[in-house]
Amino acid sequence: MKTTIEWQDGVHFVANTESGNKIHMDGPADSGGENNGARPTELLISGMAGCTAFDVISMAKSKSIEILKFNVDIDASRTETKPSLINKVHLNYKISAPKESKEDIEKIIKISVNKQCSCCIILSKAVNITYSLELN
C-alpha cells in the first residue's frame with residue numbers, strides 16, 4: 001500500500017492514493033490553512049470507522065441479515081497536552097435492521113472492533129475504543 005503526499009500551499013496537502021483517489025487535508029486559518037480539506041486526525045478516525053463499517057456490512061450480508069440503513073457516529077477526545085493526542089474513541093453504530101437480528105449484529109460489531117478491523121486493532125494499542133449499538 002502506497003500513498004504520496006503532495007504539498008499545495010500553506011498547510012494544504014493532497015494524498016494521492018495507490019487506488020487512484022485524492023484526499024485533501026488542510027488546517028484552520030489559525031494554523032496557516034484555509035479549511036480546504038479534512039484534518040489528518042479526522043481522516044484517522046474516519047478511516048477507522050470506515051474500516052469497521054466495511055466489516056459489519058460484509059459480515060451481516062454473509063449472515064443474510066438485512067441492513068436497511070447504517071451509520072457510525074464517531075466521538076473522539078484528545079489530551080490537553082501538546083502534542084494533542086487522541087486518547088478515547090467511541091463508535092456508535094446506528095443500524096436499521098430487523099429487531100430479531102440485534103444479538104447477531106452485536107456479535108458482528110464486537111468481532112469487527114476486537115478481531116477483524118485492522119484500523120481498530122492498530123489504534124486500540126494506544127487509544128481506548130468503546131462502542132454502542134442503536135438498532136431501529
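Two residues are said to be in contact when heavy atoms of theirs lie within 4.5 Å. With that term in place, I shall present this structure, which is a predicted model.

Let us begin with a single residue, Thr52, which belongs to helix H1. Is Thr52 buried or exposed? Its relative accessibility is 0%, and a residue is called buried under 20%, so Thr52 counts as buried. Which residues surround it, once neighbours within four places in sequence are set aside? Thr52 is then in contact with Leu91, Tyr93, Ser112, Val113, Cys117 and Cys120.

Now to the chain as a whole. The protein chain contains 3 helices and 6 strands. Read from the N terminus, their order is β-β-β-α-β-β-α-α-β. Along the principal axes, the C-alpha atoms fill a box of roughly 50 × 35 × 25 Å. The chain has 136 residues, of which 32% are buried. If we take contacts between residues at least 6 apart in sequence, 46% of them join residues at least 24 apart. As for the surface, the chain exposes about 8900 Å², and carbon and sulfur atoms supply 53% of that area.

Let us turn to the interior. The largest nonpolar core has 27 residues. Which of them touch the most other members? They are Val89, Leu91, Tyr93, Ile95 and Ile129. Several elements each supply at least two residues of this core: helices H1, H2 (102-116) and H3, together with strands E4 (69-78), E5 (86-96) and E6 (128-135). The largest share, 8 residues, comes from H1.

Val89 deserves a closer look. Apart from neighbours within four places in sequence, Val89 is in contact with nine residues that I shall simply list: Ile45, Met48, Ile74, Asp75, Ala76, Val127, Asn128, Ile129 and Thr130. Ile129, one of these, also appears among the core members that touch the most others.

My last topic is empty space. Rolling a probe the size of a water molecule over the atoms shows where such space is left. The largest pocket has a volume of about 240 Å³. Where does its lining come from? Helix H1 (40-62) and helix H3 (118-123) each supply at least two residues, and H1 gives the largest share, 5 residues. The full lining consists of Pro40, Leu43, Leu44, Gly47, Met48, Cys119, Ile122 and Leu123. By class, 7 of these are nonpolar and 1 is polar, with no charged residues.

To close, helix H1 holds the buried Thr52, provides the largest share of the core, and does likewise for the pocket lining.

Technical notes. Residues numbered from 1 in each chain as written. Predicted model: local features only at pLDDT ≥ 70, side-chain atom pairs only at ≥ 80, totals over all residues. Heavy atoms only, no water. 1 Å grid on protein atoms, 1.4 Å probe; cavity = no way out; pocket = protein on both sides within 12 Å on 5 of 7 lines; lining within 4 Å. Points joined across faces, edges and corners; volume = space filled by probe spheres on them. Helix = DSSP H or I, 4+ residues; strand = E, 2+ residues; numbered from the N terminus. Nonpolar A, V, L, I, M, F, W, Y, C, P; charged D, E, K, R; others polar. Core = buried A, V, L, I, M, F, W, Y, C linked by side-chain atoms within 4.5 Å. Buried < 20%, exposed > 50% of the residue type's maximum accessible area, 1.4 Å probe, protein only. Areas by Shrake-Rupley, 256 points an atom, 1.4 Å probe, with all protein chains shown as cover.
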